[in-house]
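Colleague: Before I rely on any of the labels attached to this model, I would like to hear the reasoning behind them. Could we take them one at a time?

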Amino acid sequence: DTHGYRYKQLIFGPLAMFSKPWQKHFHYKFLQRETLWGESCAIIEVMPLHRFKENPLFGKAWISLKDFSVLRIQWHPRSLPFTDTITLRANEYKALPYIEFFAEFNILKRGIRFPSKYYLEESYISTTRKHIPYRSRHKGKKFQRLTQEVALKDYMFFIVGTEVVNAKGEGE
């Protein structure tokens with residue numbers, strides 16, 4: 001059921017929205033303060049300033065006011081690339097796809113936050129009464145096809161030791 005989704009950028013979401021090279025491509029707007037996991041945070045809306053060949057990830061981010069790390073990102077549906085599978089399914093349902101996707105970064109190790117959870121909902125908003133699954137036969141009604149909630153845990157952190165050896169070649 002999830003073969004229509006690409007998760008490769010999940011861990012890079014904060015970098016794609018806030019790293020210095022990308023900042024010139026976005027507009028940032030403070031929305032409100034909130035508490036998440038007992039930590040004060042600011043919710044920031046991140047929207048692209050111009051169109052890209054491939055949409056960058058954008059949406060809302062919950063930023064810790066303690067260390068300014070990203071705690072949560074809720075991606076805007078327009079920033080998520082619809083695969084052919086989703087487009088075909090939407091055409092079959094005669095509906096518009098609506099994808100809700102967020103990730104939480106609640107695993108902290110050596111000052112770096114790692115994804116702890118992601119949530120995905122694939123829904124469709126009907127545009128006609130024909131070919132819509134029974135639960136959603138009314139115009140404009142939302143039909144939820146897939147809900148997925150994944151907890152990411154049991155990361156295996158390890159330390160890699162290195163040693164620099166100055167080797168002399170022949171004749172030195």
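Modeller: Two strands are said to pair if DSSP finds at least two bridges between them. Please keep in mind throughout that this is a predicted model.

Colleague: What makes strand 1 and strand 2 a pair?

Modeller: Strand 1 and strand 2 (residues 39–48) are joined in the antiparallel sense over 10 bridges, and since at least two bridges are required, the two strands count as paired. Among the facing residues, Tyr28 has Val46 as its bridge partner in strand 2, Glu34 has Cys41, and Leu36 stands opposite Glu39. The two strands form a hairpin with 2 residues between them, and Trp37 in that turn has a positive phi of about 55 degrees.

Colleague: How do you know that strand 2 also pairs with strand 3?

Modeller: The same test applies: 6 bridges join strand 2 to strand 3 (residues 59–64), running antiparallel, and the requirement of at least two is therefore met. One of the facing pairs is Glu45, which stands opposite Lys60 in strand 3.

Colleague: Why is strand 2 described as mostly covered?

Modeller: The description rests on a count, in that 7 of its 10 residues are buried, where buried means under 20% relative accessible area.

Colleague: What makes strand 1 and strand 9 edge strands?

Modeller: The open sheet has 7 strands in the order 1-2-3-4-5-8-9, with antiparallel pairing. Strand 1 (26–36) and strand 9 each pair on one side only, and that is what the name edge strand refers to. From one strand to the next the twist averages 15 degrees. Helix 3 lies across strand 5 (95–104), strand 8 and strand 9, and runs at about 35 degrees to strand 8.

Colleague: Why is the contact of Arg89 with Glu122 called a salt bridge?

Modeller: The closest N and O atoms of Arg89 and Glu122 are 2.7 Å apart, and the cut-off between a side-chain nitrogen of Lys or Arg and a carboxyl oxygen of Asp or Glu is 4 Å, so the pair qualifies. The pair links distant parts of the chain, with Arg89 in helix 3 (residues 84–93) and Glu122 in strand 8 (residues 117–126), 33 residues apart.

Colleague: Are these two side chains buried or exposed, and how do you know?

Modeller: Arg89 has a relative accessibility of 14% and Glu122 a relative accessible area of 0%; the limit for buried is under 20%, and therefore both labels follow.

Colleague: What makes Arg89, Glu122 and Arg145 a network?

Modeller: Glu122 also forms a salt bridge with Arg145, with the closest N and O atoms 2.8 Å apart. With Glu122 in strand 8 and Arg145 in strand 9, this pair ties together parts that are 23 residues apart in sequence. Arg89, Glu122 and Arg145 are thus linked in a network of salt bridges.

Colleague: Why is Arg145 called partly exposed?

Modeller: Its relative accessible area is 21%, and because buried requires a value under 20% and exposed a value over 50%, Arg145 falls in between.

Colleague: How do you know that Glu121 and Lys142 meet in a salt bridge?

Modeller: Their side chains come to 2.9 Å, N to O, which is again within the 4 Å that the term demands. Glu121 lies in strand 8 and Lys142 in strand 9 (residues 142–151), so the pair ties together parts that are 21 residues apart in sequence. Glu121, at 6% relative accessibility, counts as buried, whereas Lys142, at 42%, counts as partly exposed. A search of the whole structure finds 6 salt bridges.

Colleague: Why is Asp154 called exposed?

Modeller: Asp154 has a relative accessible area of 66%, and as exposed means over 50%, the label holds. Asp154 is placed in the segment after strand 9. Although Asp154 and Ser116 are 38 residues apart in sequence, they are 9.8 Å apart in space, C-alpha to C-alpha.

Colleague: Which elements line the second largest pocket?

Modeller: That pocket holds about 270 Å³ of space. It is lined by 12 residues, of which Pro14, Leu15, Val70, Ile112 and Arg113 are the closest to its centre. Helix 1 (13–18) and strand 7 (112–114) are the elements that give two or more residues to the lining, and helix 1 provides the largest share, 3 residues.

Definitions and conventions
Residues numbered from 1 in each chain as written. Predicted model: local features only at pLDDT ≥ 70, side-chain atom pairs only at ≥ 80, totals over all residues. Heavy atoms only, no water. Helix = DSSP H or I, 4+ residues; strand = E, 2+ residues; numbered from the N terminus. Buried < 20%, exposed > 50% of the residue type's maximum accessible area, 1.4 Å probe, protein only. Axes fitted to C-alpha atoms, helices over the stretch in contact; angles between N-to-C directions. Contact = heavy atoms within 4.5 Å. 1 Å grid on protein atoms, 1.4 Å probe; cavity = no way out; pocket = protein on both sides within 12 Å on 5 of 7 lines; lining within 4 Å. Points joined across faces, edges and corners; volume = space filled by probe spheres on them.
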